[in-house]
Amino acid sequence: MLRDHRTVTSVVSSDLCMSCGICQPSCHVDAITIINDKKRGMFTPVIDESICDYCEEAKVGKCVVVCPGVEVNFAKLSQKFIEGQNNSPILGTYDKCYYSHATDHDIRFESSSGGLVTSLLIFALEQNLIDGVAVITMDSGLEPRGIIARTSSEVRAAAGSKYCPAHLGDALSEIANSEGRYAVVGLPCHLHGVRKLEKINPQLKLKILYHFGLYCANTNSFHGTEYFLRENEIIPEDVSHLRYRGMGWPGLFSLTMKNGEKKTIKRGTTETDKKRRAKFSSAFHYDFQLPRCFTCNDLTAELADISFADPWNKKFIGKENVGKSMLVVRNKIGDELLKLAANMGAIVLEEADPEEVARSQNVDFKQGAQSRLRALHFLGKATPHYIGKIQKVNVRYMWNLVFHVMSFVPKNKTTLKFLPFVQLSRRIMLKLGNLF
Ligand SMILES: Cc1cc2nc3c(=O)[nH]c(=O)nc-3n(C[C@H](O)[C@H](O)[C@H](O)COP(=O)(O)OP(=O)(O)OC[C@H]3O[C@@H](n4cnc5c(N)ncnc54)[C@H](O)[C@@H]3O)c2cc1C
Ligand code: SF4
Ligand code: SF4
Ligand code: SF4
């Protein structure tokens with residue numbers, strides 16, 4: 001837990017920040033700016049101490065109250081916002097599961113999975129159900145931007161997952177300061193924060209009609225993307241535009257260079273060369289993961305109205321090449337929107353077996369959260385406080401720390417020299433693990 005609860009400065013220094021930006025709109029005196037912290041390779045809040053009044057000398061600042069890095073009360077938030085009839089330790093509270101894709105071939109092809117997020121948002125805008133949506137766009141270079149998209153073309157331009165830190169601070173501040181009805185797209189932790197913010201700001205709750213959650217097993221720092229590009233002989237500063245996904249399923253990295261040249265790079269899911277695959281995993285899963293992600297216990301965006309994922313199961317891997325999304329619908333709000341969009345021909349919807357949906361992800365990540373927390377706690381690190389989830393502690397999952405140890409090490413020229421050794425050791429350990 002944190003030593004100092006007055007502001008989120010202590011969240012950052014305790015490695016509990018994951019760049020969500022939710023603290024920014026919580027501040028009544030606008031003392032918080034989210035900056036790109038180049039040393040950490042992530043977005044972090046900076047507090048203007050000449051403006052901050054410590055929430056009128058309260059023991060805990062509002063920015064800390066809403067921060068999902070510190071505490072998530074799943075029991076209370078789920079009871080307040082989610083009405084699903086079923087419950088599963090992996091999926092959370094839900095009503096139904098689906099496989100689905102956008103009817104528009106181009107949206108489906110350009111998006112991450114089946115283009116469901118993009119096509120549903122465009123549908124909601126065109127049907128005048130909402131006035132805008134908080135999305136993450138990538139207009140130039142390697143730094144994404146949270147915006148309010150108010151047109152179909154803006155939503156479409158923001159399609160595709162960004163596997164790097166992304167914050168919703170500016171977009172949520174815009175919603176808080178303007179009239180209208182909105183949707184928010186976010187990772188599980190973004191939505192933990194949005195729901196907490198709505199709890200202390202009922203006006204915001206009335207404005208945000210839809211909460212779309214992306215499954216998420218980790219986010220890597222900007223240093224991870226830079227490392228991966230360099231390993232592929234690309235100078236990060238020469239990149240004009242980057243897309244992490246798209247061009248079918250599971251998709252490719254595609255880059256436009258400042259000199260106009262276009263390049264594509266295979267992703268880990270389709271890479272056959274073992275060394276190149278190890279570098280991809282190093283950049284995007286193990287060594288550059290934000291430390292806070294090591295302690296995350298959600299994965300399936302349990303506090304969303306609808307959760308969206310890749311269908312990583314044998315029905316689709318190697319067979320689907322345009323795009324499919326896997327959905328978990330958690331309440332009436334999500335269900336009504338999906339059915340309307342399907343009836344009006346914007347999406348294709350096929351009911352899926354919840355057991356199959358639950359199994360098609362890295363469930364160890366979710367089941368092992370409490371064990372990883374315990375391992376960090378044992379080492380004296382601050383850990384988040386989760387309420388309303390019972391998970392067993394298992395030594396097997398505690399060992400996971402060994403695979404991720406580099407993610408806790410600051411990245412500089414010296415530490416990066418160790419990476420090839422770390423990658424090789426991990427490959428050997430994983431191989432030995434498979435043998436036993
Ligand atoms: C960091 C990250 C980790 C993920 N991990 C998993 C996983 O472990 N398993 C899995 O099945 N799926 C994971 N996903 C989700 C998956 O990649 C797809 O986003 C999801 O299947 C929806 O696809 P789609 O085609 O419907 O979305 P699209 O139509 O492509 O729309 C994607 C939407 O997500 C928004 N977005 C993109 N990046 C971010 C971001 N970093 N933060 C907030 N919003 C963003 C965009 O603004 C866009 O509106 C992850 C996504 C991200 C960004
Ligand atoms: S609210 Fe988000 S950005 Fe702010 S300190 Fe917490 S985790 Fe970091
Ligand atoms: S403690 Fe209160 S006033 Fe200070 S930055 Fe946080 S929210 Fe703003
Ligand atoms: S793993 Fe959890 S904390 Fe990390 S980015 Fe994903 S949802 Fe957020």
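## Exercises: pockets, cavities and ligands

About 390 Å³ of space lies in the second largest pocket of this predicted model. Let us start there and then move on to the cavities, the ligands and the domains.

**Exercise 1.** Find which residues lie nearest the centre of the second largest pocket, and work out what its lining is made of.

*Solution.*
- Step 1: Look for the centre of the pocket. Of the 20 lining residues, S88, P89, K389, I390 and Q391 lie nearest to that point.
- Step 2: Trace the lining back to helices and strands. At least two residues each come from α5 (74-81), β4 (86-88), β5 (92-94) and α16 (363-367).
- Step 3: Pick out the main contributor. With three residues, α5 has the largest share of the lining.
- Step 4: Sort the lining by class. There are seven nonpolar, nine polar and four charged residues.

**Exercise 2.** Locate the largest cavity, describe its lining, and say which ligand takes up its space.

*Solution.*
- Step 1: Begin with the overall tally. Five cavities of 30 Å³ or more are found in the structure.
- Step 2: Turn to the largest cavity. Its volume is about 160 Å³.
- Step 3: Go to its centre. M18, C189, C216, T219 and C293 lie nearest, out of 16 residues that line the largest cavity.
- Step 4: Ask which helix gives the most to this lining. That is α10 (residues 188-200), with three residues.
- Step 5: Sort the lining of the largest cavity by class. It has 12 nonpolar, three polar and one charged residues.
- Step 6: Put the ligand in place. The largest cavity is the space taken by ligand 4.
- Step 7: Name the surroundings of ligand 4. They are M18, L187, P188, C189, C216, A217, N218, T219, C293 and C296. Eight residues of this shell are nonpolar and two are polar, with no charged residues.

**Exercise 3.** Do the same for the second largest cavity: which residues line it, and which ligand sits there?

*Solution.*
- Step 1: Take the volume. The second largest cavity holds about 100 Å³ of space.
- Step 2: Find the residues closest to its centre. C17, C20, G21, C23 and P45 are the ones, among 16 lining residues.
- Step 3: Name the elements that give two or more residues to the lining. These are α1 (9-13) and β2 (42-47), and β2 gives the most, with three residues.
- Step 4: Sort the lining of the second largest cavity by class. Here 13 residues are nonpolar, three are polar and none is charged.
- Step 5: Add the ligand. Ligand 2 sits in the second largest cavity, and its surrounding residues are V8, V11, C17, M18, S19, C20, G21, C23, P45, C67 and P68.
- Step 6: Sort this shell too. Nine residues around ligand 2 are nonpolar, two are polar and none is charged.

**Exercise 4.** Describe the surroundings of ligand 3.

*Solution.*
- Step 1: Find the residues that come nearest. They are C27, C52, D53, C55 and C63, out of 13 around ligand 3.
- Step 2: Sort the shell by class. Eight residues are nonpolar, three are polar and two are charged.

**Exercise 5.** Divide the protein chain into its domains and describe how they meet.

*Solution.*
- Step 1: Mark the bounds. Domain 1 covers 9-72, and domain 2 covers 76-236 + 266-436.
- Step 2: Look at the contact. It takes 29 residues from domain 1 and 32 residues from domain 2.
- Step 3: Compare the centres. The C-alpha centres of domain 1 and domain 2 are 22 Å apart.

Definitions and conventions
Residues numbered from 1 in each chain as written. Chains lettered and ligands numbered in written order. Predicted model: local features only at pLDDT ≥ 70, side-chain atom pairs only at ≥ 80, totals over all residues. Heavy atoms only, no water. Near = heavy atom within 4 Å. 1 Å grid on protein atoms, 1.4 Å probe; cavity = no way out; pocket = protein on both sides within 12 Å on 5 of 7 lines; lining within 4 Å. Sits in = over half its atoms within 2 Å of the grid points. Nonpolar A, V, L, I, M, F, W, Y, C, P; charged D, E, K, R; others polar. Points joined across faces, edges and corners; volume = space filled by probe spheres on them. Helix = DSSP H or I, 4+ residues; strand = E, 2+ residues; numbered from the N terminus. Domains from an automatic or database assignment. Contact = heavy atoms within 4.5 Å.
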